[in-house]
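Hi everyone, and thanks for making time. Please have a look at the screen, and I'll walk you through what I'd point out to a newcomer.

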Amino acid sequence: MPQKQPEINTEEGALEALRPQSFEDYVGQAKIKANLKLILDAAKGRSEPCDHLLFYGQAGLGKTTLAYIIGREMNVNIRSTSGPAIEKAGDMAALLSNLEANEILFIDEIHRLNKLAEEILYPALESRKLHLIVGKGPSARTFTLDLPPFTVLGATTKVNMLSAPLRSRFGATFRLDYYQNEDIEKIISRSAKILGVAIEPEAARALAQASRFTPRVANRLLKRARDYAQVYPTGNIPPQAASAAPTAGRISSGASKKKPIINLDVVKNTLEMLEIDQLGLDETDRELLKIIVQKFNGGPVGLKTLAAALNEEMETIEEVYEPFLMKLGLLNRTSLGRMATPIAYEHLGLKRGKKLI
């Protein structure tokens, strides 16, 4: 059954409280919401569980949130697990055999499923059959268990790592894209109300611009801005002054609690403390661009060479840093390697062939 809105008394509780509880609360991804409403309304009209669904996209875009909204819309229980947690075929068999009628099984990071567990899942998705082998060698026996009607919701950040047989067994696949700044502003305003803080429109706009087009990042930055506004309710002194005079402008631990107000100065000082610029680039993002510009004259430079120069794993560069930099138009991936764009030079305050000062 749908769960109640969690209390905001811990960091985990705050994260859950900020998670939208319905399609009306869920901002952005309009086409996906329209398609999902169609699928769910049709399934409810037939009194059937909805089809198996797969969501993919960058981390923090709302895949898990959509899964729980589907559970609430269908008014059914949702069981949650992750690909790495299902280590053996027996783990998958146990999960499937314990499902009740119309329940939802949500598998996060489904691309990391064990291959043997994945084989067990094929007939379950296709015909609601669980094929098991009991015993070993000549005495081994196979038997088939009928499963009740159920739905599997899968989420992944690497849809290319899913095998073709597994992908084909989902009734619909949805790709979550980065959000527009306008949608991020709405998310920030909603989250601020839930957290009990006031935020000015200019401050919400500045936070949205630094949120990497991602709701999870937006909520994280909002909480840090809330902390800053709570500790420095007057004066909003810059971080340098705060480190030089730690008690200046702070509220005492015994002071009366007032509703924090997040204005543009609070956002600017918060981002400065976190070393995040107005585009949402952190220190590693800027360092990656600087290495391409300074050491390799803007590129092209191979991924392996870039990873060695940055002292990062190649997968981290590909999956964490590059998508956002490419979305901003700061980085190009070519057949010869990575290249910094003219926009990157402008953002770093450089001209081609000149060093950073």
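Let's start with a salt bridge between E185 and R205, where the closest N and O atoms are 3.9 Å apart. This pair links distant parts of the chain: E185 sits in helix 7 (residues 181–195), R205 sits in helix 8 (residues 201–209), and they are 20 residues apart. R205 counts as partly exposed, at 38% relative accessibility. Before I go on, please keep in mind that this is a predicted model.

Why would two such residues pair up? Side chains of opposite charge can pair when their charged atoms come close. And how many salt bridges does a search of the whole structure find? The search finds 18.

Here is another one, between K44 and D41, again with the closest N and O atoms 3.9 Å apart. Both residues belong to helix 2 (residues 30–45), and because they are 3 residues apart there, about one helical turn separates them. Is K44 buried, partly exposed or exposed? K44 is partly exposed, at 35% relative accessibility, and D41 is partly exposed too, with a relative accessible area of 49%.

Now please find helix 12 (residues 283–296), which holds both E283 and R286. These two form a salt bridge as well, and here the closest N and O atoms are 3.0 Å apart. They are 3 residues apart, about one turn of the helix. What I like about this pair is how its two ends compare. E283 is partly exposed, at 35% relative accessibility, whereas R286 is buried, with a relative accessible area of 14%. The cut-off to remember is that buried means under 20%. Elsewhere, salt bridges that share partners join E318, E322, R333 and R338 into one network.

Staying with helix 12, let's follow the chain into the loop between that helix and helix 13 (303–310), where P300 is found. The peptide bond from G299 to P300 is cis, with omega near 10 degrees.

Another loop deserves a stop, the one between helix 8 and helix 9 (215–231), where you will find R212. What is special about the backbone at R212? Its phi is near 60 degrees, a positive value in a residue other than glycine. F213 lies in that loop between helix 8 and helix 9 too, and the phi of F213 is likewise near 60 degrees, a positive value in a residue other than glycine. As for their surroundings, R212 is buried, with a relative accessible area of 15%, and F213 counts as buried at 14%.

Let's turn to the strands. There is an open sheet of 5 strands in the order 2-3-6-1-7, and the pairing is parallel. Which strands stand at the edges? They are strand 2 (78–82) and strand 7 (172–175); each has a single partner strand, so one side of each is left without a neighbour in the sheet. On average, neighbouring strands of this sheet are turned by 15 degrees against each other, direction ignored.

Inside that order, strand 3 (residues 104–108) runs parallel to strand 6 (residues 151–156), and 5 bridges join them. If you want a spot to click on, D108 stands opposite A155 in strand 6. Helix 2, which we met with K44 and D41, packs on the sheet and touches strand 1 (53–56) and strand 7. The direction of helix 2 makes about 160 degrees with that of strand 7.

On the surface, V134, F143 and L145 make a nonpolar patch of about 240 Å². V134 comes from strand 4 (residues 129–134), and it is partly exposed, with a relative accessible area of 48%.

Let me finish by zooming out. The secondary structure of the chain comes to 15 helices and 11 strands. The chain has 357 residues, and 44% of them count as buried. It exposes about 18700 Å², with carbon and sulfur atoms supplying 51% of that. And among contacts between residues at least 6 apart in sequence, 69% join residues at least 24 apart.

That's my tour, thank you for listening!

Notes: Residues are numbered from 1 along each chain as its sequence is written. This is a predicted model: local features need pLDDT of at least 70, side-chain atom pairs count only at pLDDT 80 or more; totals for chains, interfaces and linings use all residues. Side-chain values use heavy atoms; hydrogens and water are left out. A salt bridge is a side-chain nitrogen of Lys or Arg within 4 Å of a carboxyl oxygen of Asp or Glu. Helices (H or I, at least four residues) and strands (E, at least two) are DSSP runs, numbered from the N terminus. Buried means under 20% relative accessible area, exposed over 50%, partly exposed in between (1.4 Å probe, protein chains only). Patches are made of residues with over 30% relative accessible area and no salt bridge: like charges are joined within 9 Å, nonpolar side chains (Val, Leu, Ile, Met, Phe, Trp, Tyr) within 5 Å. Accessible areas come from the Shrake-Rupley method with a 1.4 Å probe; for residues, only the protein chains shown count as cover. Two strands pair if DSSP finds at least two bridges between them. Axes are lines fitted to C-alpha atoms, for helices over the stretch in contact, and angles run from 0 to 180 degrees between N-to-C directions. Contact means heavy atoms within 4.5 Å.
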